[in-house]
Each structure stands twice: as C-alpha cells, then as structure tokens.
Amino acid sequence: MDLITNGLVSDTIFANASGMGGAIGIIRVSGPRAVEIVDQIFLSVNEKKKLADQKTYTVHYGSIIDRHLTSSGEKTDGGSHVVDEALVLLMRAPHSYTAEDVVEIQCHGGQLVIVSIMNLLRKAGARPAQPGEFTKRAFLNGRLDLSQAESVMDVIHAKNHFALQSSVRQLHGEVKKKVVDLRERILHESAFIESALDDPEHYDLDSHASDFRSVVEQLILELEELLKNSENGRVLSEGLKTVIVGKPNAGKSSLMNLLLGTDYAIVTDVAGTTRDLLETSFNLDGITLHITDTAGIRMTEDAVEKIGVERAKKAIEQSDLVFYVVDSSAEEDAVDEEILSLVREKKVIVLFNKCDLSPEADAGALRERLGVPVILCSAKFGDGLRELTDQIKAFFLQGEISYNDEVFITNVRQKDCIERALKSLMLVRESIERQMPEDFYTIDLLDAYEKLGQIIGASVSDDLVDQIFREFCMGK
Ligand SMILES: Nc1nc2c(ncn2[C@@H]2O[C@H](COP(=O)(O)OP(=O)(O)OP(=O)(O)O)[C@@H](O)[C@H]2O)c(=O)[nH]1
Ligand SMILES: [Mg+2]
C-alpha cells in the first residue's frame, strides 16, 4: 500500500502544539513549504538572515511580523508590525517528527499571540492541521509504524507510571519488533510449504511435519502470552472500577479512608451516614483503583436514602471489583442475602470488618460458605490492608508481571488483531491434526500473517488510518 503518494502529505500544516494558557506557546509547522512559509512571517535579529539558508537543528531568535500591517493596524506597502518575539527551531526532512521539514515557533503563551501567528501562517499558505495529523504523517512517511503512532496517544494519556513505561517501550518499537518477528516465522513456514508443493523433489514436506507442528504450537503459545499480558496491561494502565458495598455502619467509609490514607469520607456511628456515591482514584501498590463508596444497603422508607441504595446497586453493576464490607461483630440477616445476590456475577472480596471487636471471627468458615475470598480486617485500626492488596493482584494479574522485558499490548485494536491471528493459527493446528492437505495450512497461515500486519500498519485501509488518527489531540 503506498499511502505516501496519495496527495495527503503535499500541503503544509500548522497547529498550536502547546495548548493555551502556558508561559510559552509552541506552534508547529510541517510540510514541504514549512521553511519558506515561516520565512514570510519571521524577521531574524540579524535582519538579512533567511531560514531557508540555515542548517537543520538550529535555533533562531527574532520577531514574528505581519508584513502587511503597521503597528496601528493599517495596511501598508513597506512597513511591518511586530506580533511577538520568538525563537524558531528548524528541523529538516527526514530527521523530524513528521519526517518532513518542520519549523517550531516558540512565542509567548498568550492566546491572542498564538491565534495571531496562526492567522499569519494561514495567510502565508499553510493550513490548520487535523487532530493527530502530524503523527499520521510520521506514520505515512514511514518514520513510525502504526503501533508506535498509537503509543504516542497512550504516552500523553498515561495515568500511572506503569502505563507510561509500557507506552514508551511501545513508542520505541517493542511491539513492532515482536510482531515483525512473529510474521517472519509465519512467512517462513508458509514459504516452505508453498515451495514444497511446487517442487516436491527438493522440499520434503513429510519430514518437515513434526517441525511444522511445533512451530505452530510455539506461535500459538506466544500469541496467548501476548493476550494474557494485554489483560494485565489493561488492568495496570486503566485501573479497576471498584465499589465498596455493605449494610449501614459496616465500616465502608472507614475502609475508603484507610485505603486513601486520608479523612475523605464522613464516618459516624449513625447508620445511614453515606447517602450519595463518593468517587475517587488512587494507586494501590501500582494498581489504579477508581473507587466508589456507597450508601449502606437496607430496607428504608427514607426517600433520600432509597435513592442512595438504588445508586449503590447501579454502581455494583458497572464495577470490575466489589469490596463487600461485613460487620463481623453483628448478626447476619436477610439483607446480607440480598447483597450477596446483587454481587453474585462480580469479582468480590469480602472484608470481614471490625475484627478488633470480634477476635473470634472465622474467615475460613465464611470463605467456604460464600465461595469468595474473605479477609479479616479492621478499617478503624488499619489491619488487613496487605492481604487485600495481595488478593486484588491474585484476582487480576495472571502470573508474575515483569515490568522490564515483556511486551504489553494495551491497545484494544491491536489486541483484536492478535485474537484474530491466534484464531487463524488455531485453524492451522486443527488442519494438521485432521491431516488436511498442506495448501489448507497456507491460507490460514497467511491470514494470521495479515492480521498481525494490521498491528503495525503493514496492511490497513485508509479509512482505518483516518479513524485511528482522528482520536489524537491537536498539534500531535
Ligand atoms: N471497632 C471498630 N469500629 C469500626 C471499624 N470500622 C468502622 N468502625 C466504626 O463503625 C462506625 C461506622 O463506620 P462507617 O465507616 O461510617 O460505616 P459505613 O459502612 O460507611 O456506614 P454508612 O455510611 O452509614 O452506610 C463508625 O463509628 C466507625 O468508627 C472497625 O474496624 N473497628
Ligand atoms: Mg459510609
């Protein structure tokens, strides 16, 4: 697919790359006329200096000027009006972000200044960029593969250290490397089969059969590993929607405060203290939890509390994880049954709270009866936090996470491609088991090859490319 010559990259684009409101404004200009266009609006301190004559990776100090206006705003033939002082950075093709000529104008960060400069650029012949268009050009010009381009967005939106680290690894081409390796091995196998079918005298398929089977098994294993890691990656980068539920006074808000390490939620000994949902996010040993404290669930005639209980029920439905807080010093009743039925479909951890009051509490018996993890804790005195953390990890992170050397596919589109490639390879395995003719294998092998190619953009349609880059922010 040759996207570079389809006319998309022939014009010169600009965008505010710094956002409004900072101390410095950065306007990025990219395209074949970038240097010439900025030359029209830039006057170096050394007035004779032209950007067009300057080397790449150089910085120039001067003014942005409107050559058609005087300082009083009137049109002139000769004089010009200074809009702002500026530093101009020159990065020539192909060693720039887009692999085109790029000029970045650093000016003062005021909104009016930035808008005025962008207007001048438009008059000089550049056009405003679409969101993500710079990165799209980097992709179209072959400087980034699609997985790297997507990781640019992930770097910007990373919510925690893990997510950032894994996106930066992807930006450096880790995913690409893995995918290219898998594809080469697939191609090698199908090339061998094709050759053997064409030239049976020189290539012996029969003696290759067991090798071929083990290669396919190995490829399947590696794809499964990538999928497993992607689930870990999702949990680690996006976080878990967690809801704390239980009867009134069980200690839900106390647990919330213990987890956050602050006096966030109101805690009193009045049953029915929390009425509305109380939401926040925090980091527990590297895992982001988006946590919601809820109103205690009970039969109530109080109109406000009733709404609170309904909201709590809805929060359960939308959650990935439920902390069910039980007062271990109180008797069980029908409401416990109701709560258990509400959380039946969910991943639940029971926190058998107030263990300081009932030291005889038996978590084992409860665990056996409910069939879910039960942790003895005291939200008031801070006991049980370690066990809770370990339990969450055991629930969501399959296996050990090695932050340094594993490839994490966190992007949904990429994950979908892996799933499809895996399906195709499973079909190959099935064909081997059923001793189908060899040409059956190659169709599915090449299918897997193509699906993996979509991850790095080796085989994607223009529409998909447009859709992917539309999600980017301005100036990227
Ligand atoms: N002894 C003891 N008291 C606790 C513990 N956890 C909470 N409490 C007390 O139990 C009472 C209720 O605690 P909250 O955290 O407000 O309970 P809640 O589940 O949020 O209650 P509602 O918002 O009314 O549904 C307060 O007086 C807390 O100090 C605990 O582990 N041990
Ligand atoms: Mg509460």
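Here are some notes on the domains, the nonpolar cores and the ligand shell of this predicted model.

1. Start with the layout. The domain assignment splits the protein into domain 1 (13-143), domain 2 (156-235 + 411-457) and domain 3 (241-396). Note that domain 2 comes in two segments. Taken over C-alpha atoms, the centres of domain 1 and domain 3 are 56 Å apart.

2. Next, the largest nonpolar core, which runs to 62 residues. If you want to find it quickly, look for Val29, Val38, Ile64, Val103, Ile105 and Ile117, the residues with the most contacts inside it. Helix H14 (residues 438-456) is the top contributor to this core, supplying 7 residues. Both domain 1 (13-143) and domain 2 (156-235 + 411-457) put at least three residues each into this core.

3. Ile105 deserves a look of its own. Leaving aside residues up to four places away in sequence, Ile105 touches Ile27, Val38, Ile64, Ala86, Val88 and Ile117.

4. There is also a second core, separate from the one above, with 38 residues. Among its members are Leu258, Leu289, Tyr324 and Cys355.

5. Now for ligand 1. It has 24 residues around it, and Gly251, Ser253, Thr274, Gly296 and Lys380 are the closest. Helix H8 (residues 252-260) gives the most to this shell, with 3 residues.

6. What is the make-up of the shell around ligand 1 by class? The count is 12 polar, 7 nonpolar and 5 charged residues.

Technical notes:
Residues numbered from 1 in each chain as written. Chains lettered and ligands numbered in written order. Predicted model: local features only at pLDDT ≥ 70, side-chain atom pairs only at ≥ 80, totals over all residues. Near = placed C-beta within 6 Å. Helix = DSSP H or I, 4+ residues; strand = E, 2+ residues; numbered from the N terminus. Nonpolar A, V, L, I, M, F, W, Y, C, P; charged D, E, K, R; others polar. Core = buried A, V, L, I, M, F, W, Y, C linked by C-beta atoms within 7 Å. Buried ≥ 20, exposed ≤ 12 C-beta atoms within 10 Å, placed from the backbone. Domains from an automatic or database assignment. Contact = placed C-beta atoms within 7 Å.
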